[in-house]
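Me: Please explain how the terms used for this protein chain are justified. I should like each value set against its definition.

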Amino acid sequence: MESTNEAPTPSDSPLASLKDLPHELLLQITKELDDAALCALGNTCKDLNNLIFPLFFDKHRITDPLQGWISCYRAPEHTLRAIRCSLSTKNIRNIRYYFNRGIEKLVEEVEDIHAIVRRTDEVTDFGVYLADPDDWALRDAPGLDEAQVPRLTSEEWTKLYVGLLTTTLTNGCRRMQLCGRGLSSRERIIGYETTRYFNGSFHYVTPFASPKPQVAQSHGVKKLPANIPQDFEGNLEDFRTAPFVEDQKNRSRLRISKWFEFFSKKNNGSTQVEATISSTMSRNFKASSPGPDPGQAQDLTNPSSHWANAPVTPTRKIAPPAPKLESLLLHSDMLLATPSFRDWTNQLLSWCAPTLTHLELQCPETLSGIWCKFFSEVRLPSLTRFEITSGLVVGHTHIQGSDVLGFLSRHPSIHKLSLYGIQMPTCLYDLPKAGKPILPNLIEIKVHPIYIRWFLRDKKQCPKLKQVILQTEYYASMNPMSAYDALDRALEELLPHSRKLNVIGFRLTKDNYELNSWLRSHVDAGPTASILSKFIDTRNLIINSAHCVDILSDWRRNRLELVAQFAGLLPNLEYLKFQDQPGSQYNRLYYSPPVVRALRRHSPQVKQVEINLNRIIDIEQPEDS
């Protein structure tokens, strides 16, 4: 009798797959793999992609590509590669990324972010933080050997970073934040002459050679590919090619060249997009031409003088992208102080002028001449919110008040205005003479007292104004008491307008004895002599501490009593808000009872108090509730 239990042939049995293993076993396998192996495994099939990359993001606490947004601070290696490979990348709408330090790593991450943006359907919110390469050259590169310093020209870097930003904008970005840490004043002075990374004058200090610093030789670098317009060439005359040694063992430079070549080939079709941005630029703005004479400046608004000579594939037509950008936070000196980036920034603002409603600037190292030209040329007809900010301590100020006031006079659509860190005139007469009223639609303003006096120079000025915040600016070279004297003079100018105001506030930026003296001067004057007692229509008061002026701590109980007595001078005050108080947001139950008791003693007219966006406290309710 023949047996029927014949073994199946190899061709009859299906091949086993890794994904057929139980999930528990797969998880155990993934724990034994490094990040590079995980990315490779996640690329093998759709099922493993959906399994591996969520584990990768959870392992490194990357928030959260699977939910449509990226938030990374100094992300570990292979993070951006994993995001690029994940099938969920196309659904990303929000990107917040802090680039890692170092030129080689920076270039690689810029290209990775660029690839991620190209894969998405639309990026509505985009924010990046990156240090100027000169910052890296001063802080990190001195400890490297000459052969370890990557060689990157300013043309290459401009194309890489501008390519990323342009792609993001034309991909539907509505809110963009561009940040970058500037150099301190001392480092900027030292670096301006001898340590600039891109101009070939950086002094490399190598630990492998003699203690004497050696200056690397500068050599020419191959031109950009012919099919990429040399938009920025004519504006880079201040730069020379980056330094590098003759030894060709520097593999970092070769890697960067490959990345740049790869980037250029993939973006041949983006020239028309850049042309669209250029064609909307101001008439009196000049930039270089990609034509036969690259050193001659030509008008970008004339197609025959600029883009007519740019090689464009005739069979590929791209419709001009419609701008969608609504909010731009520009916190990077590189984008204004560097000529090539400044051209792009001006073109960007011209292109998105119909849609841009919010502009915030924080570029403390940008020089006065650049600011003067910037404010005289930019036109934003839809702008409703404009802010100039700075660090808490204001060092050298390069923004002239007259330039800002001229810009504001051409933008009557502004509703909210905040100015901090611009040049302070010694007196009101140093500002431009009062002409016709400006900012007819202004509702909220937060500026230094001397500018409040200028804005409210007559009763017809700012007829819709509802909220005024007087701020003391912390200047490193200014007597702090003069700031509090200016507050009193501004209150006198503000009094005739107080009837229509809903909110009056103070932003205090320096924690010192002069603050207590100013508060005490009003308390001692009493309700008969203090100007505060004349603000009979003021019902809402804001006291902003800029996260540095302590009012609520135990050792500041005397100041809390002074503030409560100060608020009590406003006869009809109903609501008091403590804003940006240091430390109080972490222990509301600890800080609230002393505030309530002080207000009950000295400001019985106050009905409600709020501390750092916490729950509003009803003063009349018992403390236990």
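The exchange below takes up confidence, burial, salt bridges, helix packing and backbone angles in turn.

Me: What makes some parts of this model count as more reliable than others, and how are residues numbered?
Reply: This is a predicted model, in which local features need pLDDT of at least 70 and side-chain atom pairs count only at pLDDT 80 or more, while totals for chains, interfaces and linings use all residues. Residues are numbered from 1 along each chain as its sequence is written, and side-chain values use heavy atoms, with hydrogens and water left out.

Me: What is the mean pLDDT of the protein chain, and which elements have the lowest and highest values?
Reply: pLDDT is the predictor's confidence in each residue, from 0 to 100. The chain has a mean of 75, and 69% of its residues reach 70 or more. Strands and helices here are DSSP runs numbered from the N terminus (helices H or I, at least four residues; strands E, at least two). Among the elements, strand 6 (residues 214-215) has the lowest mean pLDDT, 34, and strand 11 (residues 385-388) the highest, 97. Over residues 183-196 the pLDDT is below 50, and pLDDT also stays under 50 over residues 200-315.

Me: How many helices and strands does the protein chain have, and what share of its residues is buried?
Reply: The secondary structure comes to 19 helices and 21 strands. Buried means under 20% relative accessible area, exposed over 50%, and partly exposed in between (1.4 Å probe, protein chains only). Buried residues make up 50% of the 625 residues.

Me: Why is the pair of Asp-125 and Arg-175 called a salt bridge?
Reply: A salt bridge requires a side-chain nitrogen of Lys or Arg within 4 Å of a carboxyl oxygen of Asp or Glu. The closest N and O atoms of Asp-125 and Arg-175 are 2.6 Å apart, so the pair meets the rule. Asp-125 lies in strand 3 (residues 125-129) and Arg-175 in strand 4 (residues 175-179), so the bridge ties together parts that are 50 residues apart in sequence. Asp-125, with 13% relative accessibility, counts as buried, whereas Arg-175, with 33%, is partly exposed. Both residues also belong to a network of salt bridges with Arg-174 and Glu-326.

Me: How do you know that Glu-574 and Arg-539 form a salt bridge?
Reply: Their closest N and O atoms are 3.7 Å apart, and the rule asks for within 4 Å, so the pair qualifies. Glu-574 sits in the loop between helix 18 (557-568) and strand 19 (575-579), and Arg-539 in the loop between helix 17 (513-529) and strand 18 (540-544), 35 residues apart. Glu-574 is partly exposed at 33%, and Arg-539 is partly exposed at 35%.

Me: What makes Glu-561 and Arg-601 a salt bridge, and how many salt bridges are there by this rule?
Reply: The N to O distance of Glu-561 and Arg-601 is 2.4 Å, so this pair also satisfies the rule. Glu-561 is in helix 18 and Arg-601 in helix 19 (residues 588-602), 40 residues apart. By this rule the count comes to twelve salt bridges.

Me: Why are helix 2 and helix 3 described as they are, roughly parallel or roughly antiparallel?
Reply: Helix 2 (residues 35-42) and helix 3 (residues 46-60) pack at about 155°, with their axes 8 Å apart. Axes are lines fitted to C-alpha atoms, for helices over the stretch in contact, and angles run from 0 to 180 degrees between N-to-C directions. Angles under 35 degrees count as roughly parallel, over 145 as roughly antiparallel, 65 to 115 as roughly perpendicular and the rest as oblique. The two helices are therefore roughly antiparallel. Contact means heavy atoms within 4.5 Å; among the residues that make it are Leu-38 and Cys-39 of helix 2 and Ile-52 and Phe-53 of helix 3.

Me: What sets Arg-61 and Leu-439 apart in phi, and is each buried or exposed?
Reply: Most residues other than glycine have a negative phi. Arg-61, although not a glycine, has a positive phi of about 55°, and phi of Leu-439 is near 50°, likewise positive. Arg-61 lies in the loop between helix 3 and strand 1 (69-73) and is exposed at 75%. Leu-439 lies in the loop between strand 13 (416-419) and strand 14 (444-447) and is buried at 1%.
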